[in-house]
Amino acid sequence: MSKKIGLKEAMSIGIGGMVGGGIFAVLGLAASLAKGGTPVSFLIAGLIAFITSYSYVKLSLKYPDRGGTVKFVNQGFGIGIFSGGINNLLWVSYIIMLALYASAFGSYAPNLLELTTDKVVDSHIYATAIVIFATAINYYSIAVVGKIESYAVVIKLIILLSFVVVGVYGLFGNPHLEQLSPEHWESPFKLLTAGMVIFVAYEGFELIANAAPDIENPNKNIPRAYYWSVLFVILLYIIIATVTVGSLAFSQIATAQDYVLAEAAKPMLGKIGFTIITVAALISTFSAINASLYGGSRVNYEIAVDDELPKEFTRKLWNQPIGLFITALATIIIVNTMKLESISTAGSVGFLLIFAVVNFVGFRLSREINGKKVIPLFGFVFCLVAMIALLVQHFSVSRTDVYIALGIIIFCFLLEYIYKKIEPKNK
């Protein structure tokens, strides 16, 4: 019998999933898009995550299953082309998140050790190497993955909370503090779209759903785990964004965009602060890669078990589902071929669509799950509007990012359509 998970462990799954590599990867991106309104953008994205967590709470209580989101989508729509397409998108979104974390690792690592004279080359080498290393650990032992996670959550939270305490104290008298005033904010529409580009920094709360069958006293602890972890991370991100924008000139943020959190520690703690935050970023992104590789391969396995992908995906390669190898390989390809903003946009669009669908399931099954109709409906509308706003804004800036994001969604549904057409012939 598996050991039951308490509230503390359930919250650490949610917080660890959110405060993974996301904040390190996208903070500079958010600041370059929202300027002084960066904390507002994090708040907007956080509120959408918080509203969506209501549907996750109700669905996790009614349908506790290690398949998590996959189970909820199948429950709401039945097993078919639509549910299969959305579940494929969930798996691909995991791969995109992995690429985002690997990209962040690759951006921070050369600050400690340069391998060549070219930082771009270095970042690709480090990003590829960390994915290979984490894949090896996943193949070696799942227990080791769990141990790394439990230690990493504690280490990164201690470092980030220390950054917050020292940073807030250091803001007083800082000449850049006035950058946070409303005249330095971008337009409301840009604040919304900046929030959506960085929405990937919040998606990790959905990992609580996979642990739902093992959570003790579920009626009490499942709602607390979701709501408290999301609220804690919203507050943490807003303060981190405030400290960063209040500590560095916009020109400095633009220069150090890919490792801006480490740069923000410099005015307060000098080179030591820069190094400590860099180490925290490497630990966080590595642990996020580790956990997401495991999660991504499980999602792929669950989809195949539900007959939404070929049964070949339930086979094992070196004692792990074959999806682990495919997930790692796809991550390495993406991180070496796509820009950070393209990866972040594609990930956010994917998760906004997935969360819109989960909210719709919460609305559709409100009677069965003993929930209110209006909250999931709001969640569905907000996710959809936010996703469309992100695509519209990006279309005027980088059409390629929009084509990539939409191409991924179409590919996921096309894959399911082809499989469902071929599948009967194979039986």
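**View 1. A pair of charged residues along helix α12.** E263 and K266 sit together in helix α12 (residues 260-305), three residues apart, which is about one turn of the helix. In this predicted model, the two form a salt bridge whose closest N and O atoms are 3.6 Å apart. Are the two partners buried or exposed? E263 counts as buried, at 14% relative accessibility, while K266 counts as partly exposed at 33%.

**View 2. How confident is the prediction along the chain?** Before looking at more details, it helps to know how far the predictor trusts its own model. The chain has a mean pLDDT of 90, and 98% of its residues reach 70 or more. Which elements mark the two ends of the confidence range? Helix α3 (residues 38-62) has the highest mean pLDDT among the elements, at 96, and strand β1 (residues 316-317) has the lowest, at 81.

**View 3. A salt bridge that joins two loops.** Here D214 and R66 form a salt bridge, with their closest N and O atoms 2.7 Å apart. Where do these two residues lie? D214 belongs to the loop between α9 (207-211) and α10 (218-247), and R66 to the loop between α3 and α4 (69-77), so the pair ties together parts that are 148 residues apart in sequence. D214 is buried, with a relative accessible area of 13%. Its partner R66 counts as partly exposed, at 46% relative accessibility.

**View 4. Another salt bridge, between D307 and K311.** How far apart are the closest N and O atoms of D307 and K311? Look for the gap of 3.9 Å between them. For a salt bridge, the side-chain nitrogen must be within 4 Å of the carboxyl oxygen, so this pair qualifies. D307 is buried, with a relative accessible area of 19%; buried means under 20%, so D307 falls inside that class. K311 is partly exposed, with a relative accessible area of 43%. With this pair, you have met the salt bridges of the model, which come to three.

**View 5. Helix α8 crossing helix α15.** Helix α8 (residues 188-197) packs against helix α15 (residues 374-397) at an angle of about 105 degrees, and their axes are 9 Å apart. That angle makes α8 roughly perpendicular to α15. Which residues make the contact? From α8 come F189, K190, L192, T193, M196 and V197, and from α15 come A386, A389, L390, V392, Q393 and H394. Sorted by character, the residues of this contact are eight nonpolar, three polar and one charged.

**View 6. I23, a buried residue of helix α2.** Find I23 in helix α2 (residues 22-34). How much of I23 is accessible? Its relative accessible area is 0%, so I23 is buried. Leaving aside residues up to four places away in sequence, I23 touches F42, A201, Y237 and I240. You can also look for Y101, which is 78 residues from I23 along the chain; the C-alpha atoms of the two are separated by 9.7 Å.

**View 7. S41, a buried residue of helix α3.** S41 has its place in helix α3. S41 is buried, with a relative accessible area of 0%. What does S41 touch, not counting residues up to four places away in sequence? The list is A34, L191, A194, G195 and I198.

**View 8. Two asparagines with positive phi.** Most residues other than glycine have a negative phi. Now look at N217, which is not a glycine, yet its phi is positive, near 45 degrees. N217 is found in the loop between α9 and α10, and it is partly exposed, with a relative accessible area of 45%. N370 also has a positive phi, of about 60 degrees, although it is not a glycine. Where is N370 found? N370 is in the loop between α14 (340-364) and α15, and it counts as exposed, at 65% relative accessibility.

**View 9. A254 and S60, seen together.** A254 is found in helix α11 (residues 250-255). With a relative accessible area of 48%, A254 is partly exposed. How many residues separate A254 from S60 in sequence? They are 194 residues apart in sequence, and 41 Å apart in space from C-alpha to C-alpha.

Technical notes:
Residues are numbered from 1 along each chain as its sequence is written. This is a predicted model: local features need pLDDT of at least 70, side-chain atom pairs count only at pLDDT 80 or more; totals for chains, interfaces and linings use all residues. Side-chain values use heavy atoms; hydrogens and water are left out. pLDDT is the predictor's confidence in each residue, from 0 to 100. Helices (H or I, at least four residues) and strands (E, at least two) are DSSP runs, numbered from the N terminus. Axes are lines fitted to C-alpha atoms, for helices over the stretch in contact, and angles run from 0 to 180 degrees between N-to-C directions. Angles under 35 degrees count as roughly parallel, over 145 as roughly antiparallel, 65 to 115 as roughly perpendicular and the rest as oblique. Contact means heavy atoms within 4.5 Å. Ala, Val, Leu, Ile, Met, Phe, Trp, Tyr, Cys and Pro count as nonpolar, Asp, Glu, Lys and Arg as charged, and the others, Gly among them, as polar. Buried means under 20% relative accessible area, exposed over 50%, partly exposed in between (1.4 Å probe, protein chains only).
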